[in-house]
Amino acid sequence: MNLPKDPIMLFSFINTQLRDSFSSLEDLAKSYGVSETDIKETLSKAGYYYDSENNRFVAGT
């Protein structure tokens, strides 16, 4: 499965997957065969960062 290219859609998709199916971003990335770093960089450009304690992406300040 290809991940959404649009950062806002990617944000929504990733957070839903993290909430419902994966205990970490690392597990999600491995499952989808994508780079954890690429996900973080793409979402960082849109103003989001990964909060590992809560296992979700949140808006940065």
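Trainee: Is N15 buried or exposed?

Mentor: In this predicted model, N15 counts as buried, because its relative accessibility is 16% and the cut-off for buried is under 20%.

Trainee: Where does N15 sit?

Mentor: N15 belongs to helix α1.

Trainee: And which residues is N15 in contact with, leaving aside its neighbours within four places in sequence?

Mentor: With those neighbours set aside, N15 is in contact with R56 and F57. Strand β2 covers residues 56-59, so those contacts bring α1 to the start of that strand.

Trainee: Okay, strands then. In what sense do β1 and β2 pair, and over how many bridges?

Mentor: Strand β1, residues 48-51, pairs with strand β2 in the antiparallel sense, and there are four bridges. As one example, Y48 has A59 as its bridge partner in β2.

Trainee: What do β1 and β2 form, and how many residues lie between them?

Mentor: They form a hairpin, with four residues between the two strands. Look at N55 in the turn: N55 has a positive phi of about 50 degrees.

Trainee: Nice. What touches N55 from elsewhere?

Mentor: S24 is one residue in contact with N55. Not counting neighbours within four places in sequence, S24 also contacts L18 and Y50.

Trainee: Where is S24 found, and is S24 buried or exposed?

Mentor: S24 is in the loop between α1 and α2. S24 is buried, at a relative accessible area of 19%.

Trainee: Let's turn to the helices. How do α1 and α2 cross?

Mentor: Helix α2 spans residues 25-32, and its axis comes within 10 Å of the α1 axis, with a crossing of roughly 110 degrees. The two helices are therefore roughly perpendicular to each other.

Trainee: Which residues meet there?

Mentor: From α1 you have F13, I14, Q17 and L18, and they meet L25, L28 and Y32 of α2. By class, this contact has six nonpolar residues, one polar and no charged.

Trainee: What about α1 and α3: how do their axes cross?

Mentor: The axes of α1, residues 7-20, and α3, residues 36-45, come within 9 Å and cross at roughly 125 degrees. That angle makes α1 oblique to α3. The crossing is left-handed.

Trainee: And which residues of α1 and α3 meet?

Mentor: On the α1 side they are P7, L10, F11 and I14, and on the α3 side I39, T42 and L43. By class, the contact of α1 with α3 has six nonpolar residues, one polar and no charged. I14 is listed in the contact with α3 and also in the contact with α2.

Trainee: I see K40 in α3. What does K40 touch, not counting residues up to four places away in sequence?

Mentor: K40 touches L25, Y50 and F57. K40 and F57 are 17 residues apart in sequence, and their C-alpha atoms are 8.8 Å apart in space. F57 is also a contact of N15, and Y50 is also a contact of S24.

Trainee: How accessible is K40?

Mentor: K40 is partly exposed, with a relative accessible area of 36%.

Trainee: Last one: what about K45, buried or exposed?

Mentor: K45 lies in helix α3 too, and K45 is exposed, at a relative accessible area of 76%. In sequence K45 and P7 are 38 residues apart, while C-alpha to C-alpha they are 8.3 Å apart in space.

Definitions and conventions: Residues numbered from 1 in each chain as written. Predicted model: local features only at pLDDT ≥ 70, side-chain atom pairs only at ≥ 80, totals over all residues. Heavy atoms only, no water. Axes fitted to C-alpha atoms, helices over the stretch in contact; angles between N-to-C directions. Parallel < 35°, antiparallel > 145°, perpendicular 65-115°, else oblique. Left-handed = near helix turned anticlockwise from the far one by under 90°. Contact = heavy atoms within 4.5 Å. Nonpolar A, V, L, I, M, F, W, Y, C, P; charged D, E, K, R; others polar. Buried < 20%, exposed > 50% of the residue type's maximum accessible area, 1.4 Å probe, protein only. Pairing = 2+ DSSP bridges.
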